[in-house]
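Dear colleague,

I am passing the structure on to you here, together with notes on a few places in it. Please keep it open beside this message as you read.

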Amino acid sequence: MYVVTATPSAPPPSTPRPRLVATDLDGTIVRSDGTISERTLAALDAVEAAGGAVVFVTGRPPRWMDKVAQVTGHHGLAICGNGAVVYDLRAEQIVDTHPMDVTAARKVIALIREHVPDVCFAVETATGFAHEPEYPPLERDLSIVHAVAPAEELLDGPVLKLLARHPSMAPDDFLAVTREAAGAHAEFTHSSKIALVEISALGVSKASTLAWFCTRHGITADEVVAFGDMPNDLPMLGWAGHSYAVANAHPAVLAAVPNHTASNDDDGVAQIIEKLFP
């Protein structure tokens, strides 16, 4: 966790009540123990009770959203995979995707391999998860791995998210070198304390899919308040008319976002929502 002392910023008196609250999950409303507090859940309920919308905007794949759906009462919408997937929490199913095509994914992998020794890859698709032999999958993914092989052999259809991992580089350094190598062909970001880079189709980010959703529902950026903590949140925080970084956010996020609130463990998002929806 990035430890920063921050005094929550009160919304300016002229701030209108937003029509949509967009919030990241892990590190933003999900606490260090993996839970979402009753206070935060009550704040999110207050948004919907007042006629507003809540959209969870996360780097998580859809298969990790079942517990969020249960905790939040199976209502609302999630934008998953850093913008690659729109997921209905009520029905627990994918309703739209913005994938990377195989040609672009192959190009990205080749360029990164050329510039970064010891890199390994995993592939997220709409039907599952596959990885190279050297890639260490998370325990919760072991049961759904559908293939283990060189990445080039795993690319048999549209890619929701390509994951690149390095065993020893610093996370920010790894992001910089991979983006420099192949940033012309895809979007690069990270949301982890390890050297794990998340790669999406060119032009796809949390911001692009949130903007797409808002346009479809007649909501402008000025009517959106967004919350986040990691570099993959920066596009969304820059697009929304009103944005807040939680106190435990990555230093780059705290530097880029002028409005701060308390940490995820101190219900920072709820503190702001309670002021916007008294």
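**Loop residues and strand E5**

Glu92 is partly exposed, since its relative accessible area is 31%. Please bear in mind throughout that the model is predicted. Glu92 sits in the loop between E4 and E5, and although it is not a glycine, its phi is positive, at about 50°.

A second residue with a positive phi is Asn82, which is likewise not a glycine and whose phi lies near 60°. Asn82 belongs to the loop that runs between strand E3 (77-80) and strand E4 (85-88). Is Asn82 buried or exposed? With a relative accessibility of 3%, and because a residue under 20% counts as buried, Asn82 is placed in the buried class.

Strand E5 (residues 93-97) contains Thr97, a residue that is partly exposed, with 31% relative accessible area. If residues up to four places away in sequence are set aside, Thr97 touches Ala84, Val85 and Leu160. You may also wish to look at Thr97 together with Leu202, as these two residues are separated by 105 residues in sequence and by 14 Å in space, taken from C-alpha to C-alpha.

**Thr209 in helix H6**

Helix H6 (residues 206-216) holds another threonine, Thr209, and this residue is buried, its relative accessible area being 2%. Which residues does Thr209 touch, when those up to four places away in sequence are not counted? They are Ile79, Gly83, Val86, His98 and Val204.

**Helix H3 and its packing against H5**

Helix H3 has 14 residues, and from its first C-alpha to its last it reaches 20 Å, which is close to the 20 Å expected at 1.5 Å a residue. Its buried residues are Ala104, Ala105, Val108, Ile109, Leu111 and Ile112, and the partners against which these buried residues pack include strand E6 (120-125), helix H4 (151-154), strand E9 (161-165) and H5. Strand E10 (186-189) and strand E11 (196-201) are also among the elements that the buried residues of H3 pack against.

The pairing with H5 can be described in further detail. Two packed helices are described by the angle between their axes and by the distance between those axes. Helix H3 (residues 102-115) and helix H5 (residues 171-182) pack at an angle of about 125°, and their axes are 9 Å apart; H3 and H5 are therefore oblique to each other. The crossing that H3 and H5 make is right-handed. On the H3 side the contact is made by Val108, Leu111, Ile112 and His115, while H5 contributes Thr178, Ala181 and Ala182. Sorted by character, the residues in this contact of H3 with H5 comprise five nonpolar and two polar ones, with no charged residue present.

**Helix H9**

The last element to hand over is helix H9 (residues 268-276), which is mostly covered, given that seven of its nine residues are buried. Those buried residues are Gly268, Val269, Ala270, Gln271, Ile272, Ile273 and Leu276. What do the buried residues of H9 pack against? Their partners are strand E1 (20-23), helix H1 (38-49), strand E12 (224-228), strand E13 (242-246) and strand E14 (260-261).

With kind regards

Technical notes:
Residues numbered from 1 in each chain as written. Predicted model: local features only at pLDDT ≥ 70, side-chain atom pairs only at ≥ 80, totals over all residues. Heavy atoms only, no water. Axes fitted to C-alpha atoms, helices over the stretch in contact; angles between N-to-C directions. Helix = DSSP H or I, 4+ residues; strand = E, 2+ residues; numbered from the N terminus. Parallel < 35°, antiparallel > 145°, perpendicular 65-115°, else oblique. Left-handed = near helix turned anticlockwise from the far one by under 90°. Contact = heavy atoms within 4.5 Å. Nonpolar A, V, L, I, M, F, W, Y, C, P; charged D, E, K, R; others polar. Buried < 20%, exposed > 50% of the residue type's maximum accessible area, 1.4 Å probe, protein only. Expected span 1.5 Å × (residues − 1).
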